[in-house]
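User: I would like to go through this structure with you, one topic at a time. Could you keep the answers brief and plain?

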Amino acid sequence: MRFFRTILPIIFCFVTGAFACLLSFIPHPAVQEPTNMLNDWAIVITTFSVVLAVQSFVSRHTKSIASRKPGWGYSAVTMVTLTGAAFIGIFWGKGPGTPMGWVYEHMITPLSSTVYCLSVFFIASAAYKAFRVRSSGATLLLITGLIVMLGQIPFGAMISGGFIPLVKDWILEVPNMSAQRGILLGLALAMFATSLKILLGIERTYLGKGD
Amino acid sequence: MRIFMFKYILAICGLFILLFVSGCEPPAKRINPPRTGIESLQQPQGLRAYDSPGDKGGSIILTWKSVKTENTPDFLIREEIRRRQFKAFISEKEKEQIRKAVRADYSAEPEIDYIVYSPKKYEGLMKVLAAFYSGETGKINDGVKAFQSSWKKYGNTKRLEIIISLIRFSRDILDDGGGPAWKTELKKWREETRKLGFADKCDKLEEYIKSNLVGRRDVSDVSVSLTLKLLELARIEGDIRGLGEIKPSLEFKKKPYGRFRKGLNDMGTRAVRKEASALLERLMKENRARLAVGEDKWLADLKSSREIDEKTLKKGLGPVYENMKERFLEMFSKSRLKVIENIEANVEWGLLQKFNSSVNFKKETPSACEWRESGEDAHYFQLWGMEDGVKYRFRVELQMGENKINVQAEDGGSEVAAVPGPDWFYAGKLNLLIVVALLGTIIILFLWRAKRNPNMFLRKIAGLDAVDDSIGRATEMGRDILYLMGNGQMSDLPTIASANILSRVAREAAKHNTKLKVPCFDPVVMSVARDIVKEAYLAEGKIDDLSNCEVFFVSQDPFSYAANVDGVILRDKPATNLMMGQFGPEALLISEVGASQGMIQVSGTNEISQLPFFITTTDYTLIGEELFAASAYLSRNSKLLGNLKGQDAGKLLLIIVIILGTILSTLGFDILVKFFE
C-alpha cells in the first residue's frame, strides 16, 4: 500500500520530471515526439476533471438549497443558470449568433465587467490604507506614490515643467525595476530549489504525506 | 539521502554525457539552433553599408527554395555544406578582394554573364557603372572623381561637370527607386520615343512627364523632379555634342569646344557611353549579372588568345562586348553553375521575409531574424518547420524600387545551401545547463550538511509565523479558516507550494477541530487539495472530523471566483483568510473584502503585479520566494531546511556574480554578459 501511495508517485514524479528537464536541452524529434504525447495526456486528464468540477459544484449547491443555509437563494440561482447554460449550449451550440453567444455577450461579459469595476473602489481604499502617514516608511511611500501619480497625468508635467514625469520614469525604471528584478531572481531560484526537492522526493507534502 | 544524491548526480552526469557525445559546438559558433535543428543562416556585418538606400525605401528580401538532395551531385553537396554559413554582407575590404579575384581569374566566377572591357581612360566611368550595378551607391562618388581626373585633360570642364551631374542625378533616381509605376512608365516612354531624335526625345519626355507623371501617387515626386533636371542637363549636353545652339549661360568658347569634340570622337566616348548605358539597363533588368572592370593586362591576354580580333577592339567596345558574351556563355555552359540550374530549373524561389533595409535589427527584430552582439556584429536568420534531410537554398536580395540586387555570400556567390538535421543538444542552452548544475550541486551540498547538523539557523519570516497565529485565532474565535490556492493549475510551482502549506494548515485545523474551507479555481487542484486535507486529517487521527473541512470547486473565471469567495466571506465570516499561490485580478477583490470584515489575512504570491495589493490589504505577505520557503519553515524538517539554506547560498552566489559582472562590464570585459546571453 505504501508503495502505491508514496513510492510509486515519487518514482513517477522523478521520471517524468527528469524527462521534462531533458526536453528543454534536447531538440531532437525522437525526444520531442513523446513530449507532445505527454501534453495530449494532460489535455485528456484536464477534460475529465470537468466532471469532478461539476460534481463538486452541484453537490455543494444542492446541499445548500436542501438545508436552507443562509444565502441558499444564490445557490438556487446558480443551479438554474448552470442547468440553463448547459441546456442552451447542448441544443443550440455555441459561438456568435447562437443563444449561448447572446448569453455570453449580454450576461456574462457585463457581469464580469461589473465585478472587475469594483477594483477601482478597492484600489482607492487600498491606496488610502497604504498612504496613511504612520511611519517614515509610509511617508516615503506616500511621497513616491504622489510623484508617480502626478507623473502619469498631464497636470504633473504642467506644474513642474516636465520634471515630475522624468522623476516618475526614474523611479519606475531604476529603484522599482531593481526591486522587481531582485524578487524575480529570488523567485527563480526558489522555483528551481522547489522543483529539485520535488524531483528528488525530498518534498512530499503535496502528496499529503508530510515530513 | 544517498539515494537522492545518486539520483541527482546521475541526472547531471547524464546531461553532460549527452552534451559531449552529441559533439556539439560551443554556442558562439552555433548560436541558437532551432528546436528542429535547422541551421541558422548568418548574415554578418556590413548591413549598414546599405542603410542609406534602405532609408529611402529599399527592402531586404529573403527567398528560399528546396532542393532534393538525391538529385544533387555529391561534390556539390559537399561544397555547399562546407559553406553553409551565409555571409550576406561583407566588409568593403573583403569585397575588394573578391573583385580583384574576379578580375584576375574571371573563369572562376560562374555568375558573370556580361563583361565589358574598359581601357584605363574609362576606368572612372566603369567604376560608376559598377557601383550602380552592385547597389553601392556610396561608391559612385569615387567613380565620379576618377572619371573627372581621367577626362580633365581631354575635354571641356563645363561639359565634364554636366556629365558628372547627369551621373549623380541618375544615381539619385536609382536611390529613390521612382515608385511602383516608374519602370512601367519608363518603358512606355521608351517605346513611344524610340524613333525620335535626341532633341525631340527630350521634348517628348518632358511633355510626357509633366502631363502624366507629376502628382501621381505611384510615381515618386523626387524621381520626377530629378528626371526633369536631368533632361535639362542632357539637352545642354546634347546641344554641345550636336554643335547646336550653345546656351549663353554656359559661356563655352569655340576653340576648346572643338578640341573637346575631337577628343571625344578619338576616344570613341560616345560608343562607350551608349554601350555602357545599354549594358547597365540590361544588367539592372536581369538582376543576377555581374559587371567586371577590365584591366590592360587582361586585354593583353585576350589579344594573345586571338579569340577576339583586334579590329573589333579598335572599333569600340560594343562589338567586343557582344563577342565576349558569346564566348563566356559557351565557357560557362560547362561550368558547375549550369549543373545547379539544370537541377533546380523547376523549383521556384519562395519569399521568406521582406523588410525595410533601414530596419533596426536590435530594436525591431523582424520575425525571421535575430540579432546578436557576440563576436562580430551579425544578423541571424532562424528558420522553422523545414524538412530534415532536404537541401534548401537561400539568397538575400536588396530591392530599390523595381530593381533587385542579389547580396553576395561569403564565397562571393549569390546563394547558400543548407541541409537541416536534428540536433541532440540545444547548444544555446549550455550556459543554462552549467548554471543549473552549479546551483543544484550547491543545494545538494547543503542537504548533505543539514543531515549532519539538523539545527540550522533560519532567518525569521514574519508572514509564516503569522500562519500559525492566524489558525490559533480562528480556533479561539470558533470560526472558519478560509484557504485560497489561487488561480494556478497543479503544474504551476506556486500552486504546489500552496499545496504544501495547505497540508500544514489542514493538520493544525484537524488538531484543533477548526473548520477549513478551500474554494478551488481548478478541478484538478481541487482533487489534489481534497487528498491533501484527507491525508492531514488521517495523520492527526481525526478522519471522522473530515466533514469539518470543505474543499469545493467554484469557477474558472476569476471574477466569478472572486464573487463567490466574497460571498463566503460575507456570509460565513471566517476568522482567517490564507491566500497562497498564483493570483490575478481577483486578488484585490477578495483581500479587500476580507480586510473590511476584519479577518486576519496572510497572503503569498509569485505574481509581482499583485504584490502591492496584497501588501496594502492583508496583514502579512509572503513576497515571492518566501512562499516557497513556507514548507521548510513550518515543518522544520532538516532536509527541507538544507534545501532552503542551499537556496540562500545560491542567492549569495548570484549576488556575487551580479556585482562581479557589473565591475567587469564597467571595465570593458563582457565575459559574464556573454555567458548569460
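User: Is A:His61 buried or exposed?

Analyst: In this predicted model, A:His61 has a relative accessible area of 5% and is therefore buried, since the cut-off for that class is under 20%.

User: Which element is A:His61 in, and what does it touch?

Analyst: A:His61 belongs to helix α2 of chain A, residues 29-66. Not counting residues up to four places away in sequence, A:His61 touches A:Ser75, A:Thr78 and A:Met79, and also B:Asn564 of chain B.

User: What is in chain A in terms of helices and strands?

Analyst: Chain A has seven helices and zero strands. Along the sequence the pattern reads α-α-α-α-α-α-α. Of its 211 residues, 29% are buried.

User: And chain B, how many helices and strands there?

Analyst: Chain B has 26 helices and 14 strands. It holds 677 residues, and 51% of them count as buried.

User: What share of the contacts is between residues 24 or more positions apart, in each chain?

Analyst: Counting contacts with a separation of 6 or more, residues 24 or more positions apart account for 75% in chain B. The corresponding value for chain A is 25%.

User: Switching to cysteines: how many disulfides are there over all chains?

Analyst: The count is zero over all chains, where the sulfur atoms of a pair would have to be within 2.5 Å.

User: Is A:Cys13 buried or exposed? And what about A:Cys117?

Analyst: A:Cys13 is buried, with a relative accessible area of 17%. A:Cys117, at 45%, is partly exposed.

User: Now helix α19 of chain B. What span should it have, and what does it have?

Analyst: Helix α19 of chain B covers residues 493-511, which is 19 residues. At 1.5 Å a residue the expected span is 27 Å, and the end C-alpha atoms are 27 Å apart, so the two values agree.

User: How many of its residues are buried?

Analyst: In α19(B), 16 of the 19 residues are buried, so the helix is mostly covered.

User: What comes just after that helix?

Analyst: Just after α19(B) comes B:Asn513, with a positive phi of about 55 degrees. B:Asn513 is in the loop between α19 and β10 (516-520) of chain B.

User: Why remark on a positive phi?

Analyst: Most residues other than glycine have a negative phi. B:Asn513 has a positive value and is a residue other than glycine.

User: What surrounds B:Asn513?

Analyst: Leaving aside neighbours within four places in sequence, B:Asn513 is in contact with B:Lys542, B:Asp545 and B:Asn548. The C-alpha atom of B:Asn513 is separated by 9.6 Å from that of B:Cys549, 36 residues apart along the chain. At 46% relative accessibility, B:Asn513 counts as partly exposed.

User: What is the phi of B:Lys573, and where is that residue?

Analyst: B:Lys573 is not a glycine, and its phi is positive at about 45 degrees. B:Lys573 sits in the loop between α21 (558-572) and β12 of chain B. Its relative accessibility is 39%, and B:Lys573 therefore counts as partly exposed.

User: On the other side of β12, where is B:Gly584, and what is it in contact with?

Analyst: B:Gly584 is in the loop between β12 (576-582) and α22 (586-596) of chain B. Beyond neighbours within four places in sequence, B:Gly584 is in contact with B:Asn487 and B:Gln610. Its C-alpha atom is separated by 7.7 Å from that of B:Glu607, 23 residues apart along the chain. B:Gly584 counts as buried, because its relative accessibility is 10%.

User: Last topic, cavities. How many are there of 30 Å³ or more, and what is the volume of the largest?

Analyst: A search of the whole structure gives nine cavities of 30 Å³ or more. The largest has a volume of about 80 Å³.

User: Which residues line the largest cavity?

Analyst: The lining includes B:Leu458, B:Arg459, B:Ile461, B:Glu625, B:Ala629 and B:Asp648. Helices α24 (625-635) and α25 (638-666) of chain B each supply at least two residues of that lining.

User: How does the lining divide by residue class?

Analyst: The lining of the largest cavity divides into four nonpolar, one polar and four charged residues.

How values were computed. Residues numbered from 1 in each chain as written. Chains lettered and ligands numbered in written order. Predicted model: local features only at pLDDT ≥ 70, side-chain atom pairs only at ≥ 80, totals over all residues. Heavy atoms only, no water. Helix = DSSP H or I, 4+ residues; strand = E, 2+ residues; numbered from the N terminus. Expected span 1.5 Å × (residues − 1). Buried < 20%, exposed > 50% of the residue type's maximum accessible area, 1.4 Å probe, protein only. 1 Å grid on protein atoms, 1.4 Å probe; cavity = no way out; pocket = protein on both sides within 12 Å on 5 of 7 lines; lining within 4 Å. Points joined across faces, edges and corners; volume = space filled by probe spheres on them. Nonpolar A, V, L, I, M, F, W, Y, C, P; charged D, E, K, R; others polar. Contact = heavy atoms within 4.5 Å.
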